[in-house]
4 protein chains.
Amino acid sequence: MSSALYTSPVLGAWCQASGEDWTTYTNHGFVKGLGDGSLPTACFHHYMIQDYIFLVHFTRAWALAVVKSETLEEMKIAATMVDTLVNVEMQLHVETCRKIGITENQLFSAEETFENLAYTRFVMDSGLAGDFLDMMAALAPCVFGYGVIGRTIGPSAAADTPYQEWIDVYASEEYQGLCHGLGSMVEKAARARLGSKPADNPRWATLCKRFRTATRLEIDFWQMALRGH
Amino acid sequence: MSSALYTSPVLGAWCQASGEDWTTYTNHGFVKGLGDGSLPTACFHHYMIQDYIFLVHFTRAWALAVVKSETLEEMKIAATMVDTLVNVEMQLHVETCRKIGITENQLFSAEETFENLAYTRFVMDSGLAGDFLDMMAALAPCVFGYGVIGRTIGPSAAADTPYQEWIDVYASEEYQGLCHGLGSMVEKAARARLGSKPADNPRWATLCKRFRTATRLEIDFWQMALRGH
Amino acid sequence: MSSALYTSPVLGAWCQASGEDWTTYTNHGFVKGLGDGSLPTACFHHYMIQDYIFLVHFTRAWALAVVKSETLEEMKIAATMVDTLVNVEMQLHVETCRKIGITENQLFSAEETFENLAYTRFVMDSGLAGDFLDMMAALAPCVFGYGVIGRTIGPSAAADTPYQEWIDVYASEEYQGLCHGLGSMVEKAARARLGSKPADNPRWATLCKRFRTATRLEIDFWQMALRGH
Amino acid sequence: MSSALYTSPVLGAWCQASGEDWTTYTNHGFVKGLGDGSLPTACFHHYMIQDYIFLVHFTRAWALAVVKSETLEEMKIAATMVDTLVNVEMQLHVETCRKIGITENQLFSAEETFENLAYTRFVMDSGLAGDFLDMMAALAPCVFGYGVIGRTIGPSAAADTPYQEWIDVYASEEYQGLCHGLGSMVEKAARARLGSKPADNPRWATLCKRFRTATRLEIDFWQMALRGH
């Protein structure tokens with residue numbers, strides 16, 4: 001199996017199986033624009049508004065993971081994610097957006113783009129269709145991809161990028177620590193369902209596909225953000 | 001692994017893992033009363049009314065299995081079960097009940113006993129919490145238990161039992177054939193998720209427990225029916 | 001309230017509230033191309049393959065409607081839709097596709113476009129998030145839009161259009177009758193949840209939005225089909 | 001409409017519609033035994049173990065409510081409940097149980113009684129079948145019933161009852177405040193779906209029935225606890 005991602009060999013293997021899609025997502029033009037500061041303000045604003053709507057549905061997705069958890073640890077971690085998303089992540093967005101004149105209720109009722117809708121509803125349906133691990137495969141590209149992006153552009157960002165605050169969130173020890181904790185949980189969740197050789201289990205291909213589809217939907221999300229409307 | 005049930009070694013192993021609960025269920029006093037004709041009429045009527053409500057939720061459960069199917073074959077078989085339950089099984093109940101003066105709408109709105117509620121909601125939640133195979137483990141005791149009961153009391157039933165019609169349904173080649181077809185599908189569904197040695201997969205204990213819990217809920221259902229109210 | 005669609009004033013009002021989106025969907029260039037025969041073969045083939053995948057998830061959606069039905073009538077109609085989709089609609093597609101050299105298993109495993117994914121997962125999540133009526137609002141544009149398209153282009157289609165077989169399916173008395181039956185059911189389902197003046201219920205705006213979003217996703221589906229890949 | 005419960009006329013009306021079941025639940029022998037200290041220790045221990053399992057599924061139920069929330073306020077309140085249940089309520093249970101020699105993992109894997117299973121799975125299925133308000137009707141008897149019990153036996157409990165700690169939790173200003181906050185949210189949720197005269201909406205009878213069934217399942221839960229095994 002390929003090298004681990006955030007201590008999880010399963011996550012590492014899912015990334016590798018996603019081939020160039022994983023690279024395209026984590027090295028996207030939008031990401032580079034955040035790092036070197038060349039991203040147009042309008043694109044960032046558009047992204048922030050859509051990402052807020054994304055967080056609403058991402059919270060729902062982690063809540064569905066609570067519903068589908070099979071161990072106390074899975075339940076506690078997913079419940080903490082729900083709380084963190086609503087009370088930390090969404091609040092961060094609300095505050096950033098307030099500075100540029102957008103209220104929380106406007107955010108909640110903003111028009112959702114179809115790239116956004118496609119991604120989040122795919123994640124929800126992965127949970128309805130499959131089990132806890134199917135959800136993890138669909139949720140992983142967002143959580144861990146942002147971690148990879150944060151630790152990559154964090155050290156190399158231009159001194160004058162106006163997006164330093166955003167970068168700091170995902171480059172932070174706190175977020176990186178969250179990724180390590182979640183990576184460990186995903187690894188255990190995979191082994192508890194697939195056995196000690198996860199890639200030999202017949203479900204493996206389906207899980208890789210879920211991860212890759214979510215990764216591609218992340219690419220579409222960046223594209224939508226770059227489009228600026 | 002233990003001997004197969006309806007050609008499925010997995011089903012056979014689940015039965016064996018349920019120990020005496022499986023025997024208690026398939027050899028229950030209610031079943032014996034059907035075979036030798038000693039079952040009080042009131043108990044049978046009570047059973048028929050509750051079983052109708054059961055079928056409503058059992059239909060919902062197979063519909064949830066359609067939602068959760070991952071292959072074309074799983075989807076087609078589950079969809080056929082939905083159709084069969086609504087348009088054949090439920091109709092049989094409606095006709096039998098009409099003879100004793102109970103209308104279909106009365107059946108649909110009859111007061112559900114808690115044994116009935118417990119069983120069907122457990123099956124639904126098995127689907128919401130887990131994947132297609134978790135649902136199969138929760139659905140199997142009803143489908144295949146009635147098959148075992150039918151083929152057991154079919155040949156040995158008293159000539160004058162008033163319950164011959166009921167016995168004939170489950171002893172019929174049609175129902176026994178349905179069990180063989182479903183057994184084959186369950187076996188494939190298990191191997192597609194657990195690998196070639198299903199009992200070695202870490203999910204095995206949880207699946208055995210789901211099957212056993214559903215088996216115990218079947219015993220409770222018979223007890224409720226015998227109670228007569 | 002606006003004029004009824006398939007005897008349902010609620011459906012009529014939902015269409016009207018969707019404004020030009022409903023017109024754009026039902027009078028789309030793809031539809032015109034089917035009628036006058038100008039649609040490129042490659043676009044039709046692409047549509048047929050994607051529509052097959054759509055039907056898989058549309059079946060899952062109607063199965064979720066069975067899970068969420070609250071009356072016997074709702075359950076029977078939704079169950080019949082599940083069966084019809086799997087055993088009639090999907091078979092029709094399989095046969096048509098077989099003629100052009102595509103097998104059923106290839107269809108089942110074809111790469112799903114994101115327009116397709118977005119639409120079907122939105123419908124599934126409408127069911128998970130809401131009740132039976134929320135599902136109906138999300139399912140309605142497909143069912144009744146195809147009915148409107150069939151009865152519109154049926155009488156006016158060019159004599160030499162190669163898509164006569166497709167047109168005949170939706171222009172047929174059988175499909176039009178299905179729409180009337182479903183329209184009546186949707187109307188009852190709406191009144192049973194919203195009261196005798198559906199448009200005065202506070203849920204009305206949300207239901208109109210679900211219907212309109214699904215309508216827009218239909219437009220995207222036609223666009224994807226026209227794109228031909 | 002009857003007098004409000006925790007500022008919510010809808011909750012008050014649901015209680016009244018539950019008739020003597022509501023009274024039987026909130027004045028149950030188990031409750032009296034907590035207040036006057038006559039409850040056998042074994043019954044309390046049995047209750048505590050089963051209540052822990054109940055909390056696991058109650059957390060899953062509130063997580064499903066997050067999935068089904070339609071406003072930001074509904075989402076935030078339900079998410080806070082998930083977090084409170086996992087990180088406060090369950091911890092309280094774990095600590096109390098640890099004092100009597102039961103570990104958290106033992107609690108998580110204790111054998112669930114069928115009364116417990118029936119209640120929680122009914123709540124989960126209410127969410128799967130219906131919308132956010134259907135869930136609230138199924139969740140309300142537990143949340144608000146414990147509030148009523150707390151404020152009733154709090155002031156009248158025997159000075160030497162060994163269950164003072166339990167009583168204090170539910171009689172506390174904190175828990176009573178939680179009930180007021182949730183009562184306000186339920187009232188809004190009802191009006192947002194049923195209109196300004198909730199009892200005139202055709203869904204009213206179904207919602208009353210969900211509330212009453214959950215109330216009866218609470219009575220069964222007390223009975224199970226009194227049985228002591």
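**Chain contacts and a helix pair**

In this predicted model, the contact between chain D and chain A draws on 15 residues from chain D and 15 residues from chain A. On the chain D side, three helices each chip in with at least two residues: α4 (41-68), α5 (72-99) and α6 (104-109). The largest share belongs to α5(D), which gives seven residues. Sorted by class, the side of chain D that touches chain A holds ten nonpolar residues, four charged ones and just one polar residue.

How do these two chains sit relative to each other? A turn of 180 degrees, with a shift of 0.0 Å along the axis, lays chain D on chain A with an RMSD of 0.0 Å. Within chain D, the C-alpha nearest that axis is the one of Ala63(D), at 2.4 Å from it. Both copies use the same surface here, as 100% of the contact residues of chain D turn up again in chain A.

Next comes the pairing of chain B with chain D. Here nine residues of chain B are in contact with nine residues of chain D. On the chain B side, helix α7 (residues 114-129) brings the largest share, eight residues. As for class, the side of chain B that touches chain D has six nonpolar and three charged residues, and no polar ones.

Symmetry shows up in this pair as well. Chain B is superposed on chain D by a rotation of 180 degrees with 0.0 Å of shift along its axis, and the RMSD is 0.0 Å. The two copies are therefore related as by a two-fold rotation axis. In chain B, Ala118(B) has the C-alpha nearest the axis, 2.0 Å away from it. Once more the same surface serves both copies: of the contact residues of chain B, 100% recur in chain D.

Finally, a look inside chain C. Two packed helices are described by the angle between their axes and by the distance between those axes. For helix α3 (residues 29-36) and helix α8 (residues 132-156) of chain C, the angle is about 35 degrees and the axes are 9 Å apart. The crossing of α3(C) and α8(C) is right-handed. Which residues meet there? From α3(C) come Val31(C), Leu34(C) and Gly35(C), and from α8(C) come Ile149(C), Ile153(C) and Ser156(C). By class, this contact of α3(C) with α8(C) counts four nonpolar and two polar residues, with no charged residue taking part.

How values were computed:
Residues numbered from 1 in each chain as written. Chains lettered and ligands numbered in written order. Predicted model: local features only at pLDDT ≥ 70, side-chain atom pairs only at ≥ 80, totals over all residues. Least-squares fit on C-alpha atoms with pLDDT ≥ 70 in both. Contact = placed C-beta atoms within 7 Å. Axes fitted to C-alpha atoms, helices over the stretch in contact; angles between N-to-C directions. Helix = DSSP H or I, 4+ residues; strand = E, 2+ residues; numbered from the N terminus. Left-handed = near helix turned anticlockwise from the far one by under 90°. Nonpolar A, V, L, I, M, F, W, Y, C, P; charged D, E, K, R; others polar.
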